[in-house]
Amino acid sequence: MEMMIQQLINGLFLGSIYALLALGYTMVYGIIKLINFAHGEVYMIGSFIGYFLINQWHMGFFPALFISMIASAALGVTIEFLAYRPLRNSTRISALITAIGVSYLLQNVMIFFFSPDVRPFPQAIARKTYSIGFVEVSNIQLLILAVSLVLMILLQLIVKKTRMGKAMRAVSVDADAARLMGINVNRTISFTFALGSALAAAGGMLIGLYYNSIDPSMGVVPGLKSFVAAVLGGIGIIPGAALGGFVIGLIETVATALGFSDYKDALVYVILIIILLVRPAGILGKNLKEKV
């Protein structure tokens with residue numbers, strides 16, 4: 001029982017990373033109905049930017065985190081402008097294949113320039129462990145949870161309380177009507193990509209600090225799992241994506257506690273299938289008829 005409680009707490013910290021990534025997927029899908037499979041690579045590149053800022057420029061973790069988020073936001077806008085915007089009126093399968101292609105392109109570019117080797121992420125924050133009864137948590141875990149929650153709250157405030165957030169919601173409902181009301185749809189979509197990419201970069205740096213390692217392939221599995229989290233919670237719904245991320249993190253850590261660590265990835269997909277059989281739109285999703 002003690003181990004189970006410990007793993008559940010660990011699952012909250014891991015789930016917060018998945019939640020940050022899932023938010024990027026769900027925002028982009030909510031705006032232009034595109035699954036941005038390059039999102040995991042933005043997460044990876046964000047961790048590399050933080051790595052070089054801390055290792056080469058000797059920055060502190062938080063300044064490096066801020067710059068990494070800004071640079072990754074610019075990368076997300078560039079990807080949207082060059083790869084997705086020209087295909088906005090094309091078929092969905094064209095955009096989907098392009099997203100997969102961008103993912104492989106970014107991954108291989110990073111492998112070409114920086115090699116596929118695993119690099120130790122600089123420990124810019126000394127690790128400390130705190131014991132609360134039989135539960136142990138580290139300052140890194142608390143930092144991950146705190147930063148993730150702050151970013152999620154800021155995102156919710158941006159979406160609900162700002163003019164750009166209102167524009168995002170309008171475009172997600174009807175882009176043509178939003179354009180007629182004077183909303184710059186292209187700028188709104190670019191801003192959405194920037195927000196999602198910044199959150200992905202934060203997740204990449206936090207996971208690098210937590211596991212003390214990064215590599216050019218590190219975005220593949222978390223990217224897929226975060227997409228699963230977005231679908232599980234309700235694709236296109238911001239609270240649903242956050243909830244899905246935490247659920248995936250808890251499933252993985254519980255599977256590890258029960259001795260099924262080798263099958264935790266399979267278990268995630270099995271539970272996704274079961275939930276979608278009961279609620280096809282996800283946990284917080286609404287059943288809407290959509291022409292394919």
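This is a short presentation on the fold, the helices, the salt bridges and the surface of one protein model.

Good morning. The model before you is predicted. I shall begin with the overall architecture and then move to individual elements.

The protein has 11 helices and two strands. Read from the N terminus, the order of elements is α-α-α-α-β-β-α-α-α-α-α-α-α. For a chain of 292 residues, a compact globule would have a radius of gyration near 19 Å, and the protein has 19 Å, so the two agree. Along the principal axes, the C-alpha atoms occupy a box of roughly 60 × 50 × 35 Å. Of the 292 residues, 48% count as buried. Among contacts with a separation of 6 or more, 76% join residues 24 or more positions apart. The accessible surface comes to about 14,400 Å², and carbon and sulfur atoms hold 68% of that area.

Let me turn to helix H9, which covers residues 220-233. Its 14 residues reach 20 Å from the first C-alpha to the last, close to the 20 Å expected at 1.5 Å a residue. Is this helix enclosed or open to its surroundings? Because 10 of its 14 residues are buried, H9 is largely enclosed by the rest of the structure. Among those buried residues are Pro222, Gly223, Lys225, Ser226 and Val228. The cover over them includes H1, H2, H10 and helix H11, the last spanning 264-278. Just after H9, Gly234 adopts a positive phi of about 125 degrees.

Helix H10 comes next, at residues 238-257. Its 20 residues should span 28 Å at 1.5 Å a residue, and the end C-alpha atoms lie 29 Å apart, which agrees. H10 is also mostly covered, with 14 of its 20 residues buried. A glycine with positive phi follows here too: Gly259, just after H10, has a phi of about 90 degrees.

Which residue of H9 is joined to Glu252 by a salt bridge? The partner is Lys225, with the closest N and O atoms 2.5 Å apart. This pair links distant parts of the chain, since Lys225 belongs to helix H9 and Glu252 to helix H10, 27 residues apart. Lys225 is buried, because its relative accessible area is 5%, under the 20% cut-off. Glu252, at 3%, counts as buried as well.

The structure holds five salt bridges. In another of them, the side chains of Arg88 and Glu80 meet at 2.3 Å, N to O. Glu80 is buried at 0% relative accessible area, whereas Arg88 is partly exposed at 27%. Glu80, Arg85 and Arg88 together form a network of salt bridges. Ser190, in helix H8 at residues 185-211, touches Glu80 and Arg85 of this network, and also Val77. Ser190 itself counts as buried, at 11% relative accessibility.

A further salt bridge joins Asp176 and Arg179, whose closest N and O atoms are 3.2 Å apart. Both residues lie in helix H7, residues 175-180, and are three residues apart, about one turn of the helix. An α-helix has 3.6 residues a turn, so residues three or four places apart point the same way. Asp176 is exposed at 52% relative accessible area, and Arg179 is partly exposed at 44%.

Returning to helix H8, I would draw attention to Ala202. Ala202 is buried, with a relative accessible area of 0%. Its contacts, leaving aside residues up to four places away in sequence, are Leu20, Leu65, Met69 and Leu151.

On the surface, Leu149, Val150, Ile153, Leu154 and Leu157 make a nonpolar patch of about 440 Å². Ile153 lies in helix H5, residues 139-161, and is exposed at 52% relative accessible area.

Finally, two backbone details. Most residues other than glycine have a negative phi. Lys33, however, has a phi near 55 degrees. Lys33 sits in the loop between helix H1 (2-32) and helix H2 (39-55), and is partly exposed at 32% relative accessibility. Ser115 also has a positive phi, near 70 degrees. Ser115 lies in the loop between helix H4 (92-114) and strand S1 (129-132), and counts as partly exposed at 27%.

Thank you for your attention.

Definitions and conventions:
Residues numbered from 1 in each chain as written. Predicted model: local features only at pLDDT ≥ 70, side-chain atom pairs only at ≥ 80, totals over all residues. Heavy atoms only, no water. Helix = DSSP H or I, 4+ residues; strand = E, 2+ residues; numbered from the N terminus. Expected span 1.5 Å × (residues − 1). Buried < 20%, exposed > 50% of the residue type's maximum accessible area, 1.4 Å probe, protein only. Patch = residues over 30% accessible without salt bridge, like charges linked within 9 Å, V, L, I, M, F, W, Y side chains within 5 Å. Areas by Shrake-Rupley, 256 points an atom, 1.4 Å probe, with all protein chains shown as cover. Salt bridge = Lys/Arg side-chain N within 4 Å of Asp/Glu carboxyl O. Contact = heavy atoms within 4.5 Å. Rg over C-alpha atoms; globule rule 2.2 N^0.38 Å.
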